[in-house]
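Let's take a friendly walk through this two-part report. Please have the sequence and the model at hand as you read.

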Amino acid sequence: MRAAGLSLKEPSALPGFGLSLGYALAYLSAIVLIPLAALIYRAAGIGLAGFADVLGDPRVLAALRTSFGIAFAAAVVASLFGLLVAWVLTRYRFPARRIVDAAVDLPFALPTAVAGIALAALYAPNGWIGSLLAPLGLRVAFTPLGIFVALVFVALPFAVRTVQPVIGEIDRELEEAAATLGATRAESVFKVVLPPLVPAVLTGFVLAFARSVGEYGSVIFVAGNLPFVSEIAPLLVVIKLEEYDYAGATAIATVMLGISFVGLFLINLLEAYARRRLGHG
Amino acid sequence: MPGGDSGMAERAPDPAGPIGSVTTEPLWVRRILIAIAIAFLGLFLLMPLVAVFFEALRGGWAAYRASFDDPDARAAIALTLTVASIAVPMNLVFGVAAAWAIAKFEFRGKSLLVTLIDLPFSVSPVVAGLVFVLLFGAQGLVGPWLREHGVQVIFALPGIVLATVFVTFPFIARELIPLMQDQGRADEEAATTLGASGWRTFWSVTLPNVKWALLYGVLLCNARAMGEFGAVAVVSGHIRGQTNTMPLHVEILYNEYNLVGAFAMASLLAGLALVTLAIKSFLEWRFGGSIASAPAH
């Protein structure tokens, strides 16, 4: 092969490396990298004072707090129930298991706006669930609780699908060994089975959290969108854009993007750690 | 063709096997956990889905049908089909090219490339839309220049397509990469050694091995492309009959309190989601391991 010594790739008998990688890189740059660079360029143009201006606005702070706080809570709930669902789907056999398993992917495939109006209809005071909760004094739709419900919906498949394959790979012999050595079933679950799942659960949590923070479509229909109460950061980006406040929109977007990237970075660290510690990843 | 080991997924061992009793929970624990899982999924996933169809048909079949006679509704459906028919093939070609480079070759920076392909998943759809407004909008970096040359991107079809392509960017690549990595390159090397050209190798060896994963990737990408809301809402300008996609039309009808119309349109998208999931389940059941088991997010 040509230029072996300096080549970036190992020699291979297969053709098409230059074409496929070149096309992939060009397309990635055109669709993703250059547009994101434009955002960062714009953000740099705002300057620190501009950022302080936008982020000092109590309404912006409240929206960021709402978004991150509720996304955190939703990701925690989705991770816990996601672990349970993944466990049940991998370990137990029951009727309609395949259909239940397929249903987990629904939030991937169902458009967010459709989910949003459906949740609003369900949890409105006269909806199927809302009318049951109303006598208890519990209002979900058009309150922060509505945001929470929408984000759990959106986050759930991330939590389930990240943990599920790892549960499938657990070596049953470890559990048998634990049982042989006299552990009760509860002991072997909590001391042998669950600890190696922690990195996968955390990865699922970060994915669920990142997705929830940015979620827009399903939330705005159930949130009520009251400033300082149930207004999320992505909605504020849209509002700023509609007011032609490009600097404001860019500043909020940059904060959201920065936190997503920190999340991605954490996932990569976690996966590297899991591979080193546990020999799978 | 490979020796015949490509195929069925391994079934998890039956918990009720001879040594099953020590590696599973007592029956009552299992039943309670299954009940909690199903109740949770029913409440959070199934109920919203049922609600869509219930609300759409609340006014009866005739009202449901009539809501599609509206020319704006038809324009929205046509626009969504147009956008998906451009965006999905674009991401399909990219997904295949990226998967070929990543799965069949070793090169420096590969893991960085894989991370970058996933990048759009961690970007809020609203931010994805904003990015294109900042580039191509009236006050954007290249927007004024484009306008002088009579090209409109934002509030027009090109912007909607770009935003959709961005949001659905990783889907097909993600389905293909893990599967093609698992399959290695021995088959392709054999074909090449026997004198097949690069294209011939791809069409006759690689493609048949990944066709079901490819099909699922395309379906999922398509469902997301047709259903994308946040990114498209930012770039479309909501011009009725012109730049309104189906999800945006759902929003407009909903805000006008035309609930039957909104849920009728939503039911089409929900139906698309159901068909997508049904085909995925069928492919997994029928072809097992030849659909990537990696999390599709």
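B:Val50 sits in helix H1 of chain B, which covers residues 27-56. In this predicted model, is B:Val50 buried, partly exposed or exposed? Its relative accessibility is 39%, so B:Val50 counts as partly exposed, given that the partly exposed class runs between the 20% limit for buried and the 50% limit for exposed. B:Val50 also has company on the surface: together with A:Trp128, B:Leu46 and B:Phe54 it forms a nonpolar patch. The accessible area of these four residues together is about 350 Å².

That patch includes residues of chain A and chain B, which brings us to the interface. Interface size is often expressed as the accessible area that is lost when the parts come together. Here, about 9000 Å² is buried between chain B and chain A, and carbon and sulfur atoms supply 77% of that area. The contact involves 97 residues of chain B and 97 residues of chain A. How many salt bridges are there between chain B and chain A? The count is 2. A salt bridge also joins A:Arg185 to B:Glu25, with 2.7 Å between the closest N and O atoms.

Now to the backbone of chain A. Most residues other than glycine have a negative phi. Two residues of chain A are worth a look in this respect, and the table sets them side by side.

| Residue | Phi | Loop in chain A | Relative accessible area |
|---|---|---|---|
| A:Ala96 | about 65° | between helix H2 (58-91) and helix H3 (97-103) | 47% |
| A:Phe142 | near 65° | between helix H6 (130-133) and helix H7 (144-169) | 37% |

A:Ala96 has a positive phi although it is not a glycine, and A:Phe142 likewise has a positive phi without being a glycine. Why does A:Ala96 count as partly exposed? Its relative accessible area is 47%, so it falls between the 20% and 50% limits. A:Phe142 is partly exposed as well, because its relative accessibility is 37%.

Finally, the record. An unreviewed UniProt entry places the feature "transmembrane region" at several spans of chain A, including residues 64-90, 136-160 and 216-239. Which secondary structure does the model give to residues 64-90 of chain A? That span is 100% helix and 0% strand, and its end C-alpha atoms lie 37 Å apart. For residues 216-239 of chain A, the model gives 58% helix and 0% strand, with 12 Å between the end C-alpha atoms.

Notes:
Residues numbered from 1 in each chain as written. Chains lettered and ligands numbered in written order. Predicted model: local features only at pLDDT ≥ 70, side-chain atom pairs only at ≥ 80, totals over all residues. Heavy atoms only, no water. Patch = residues over 30% accessible without salt bridge, like charges linked within 9 Å, V, L, I, M, F, W, Y side chains within 5 Å. Areas by Shrake-Rupley, 256 points an atom, 1.4 Å probe, with all protein chains shown as cover. Salt bridge = Lys/Arg side-chain N within 4 Å of Asp/Glu carboxyl O. Helix = DSSP H or I, 4+ residues; strand = E, 2+ residues; numbered from the N terminus. Buried < 20%, exposed > 50% of the residue type's maximum accessible area, 1.4 Å probe, protein only. UniProt positions renumbered as here; feature names shortened; annotations may be inferred. Contact = heavy atoms within 4.5 Å. Buried area = accessible area lost by both parts, 1.4 Å probe.
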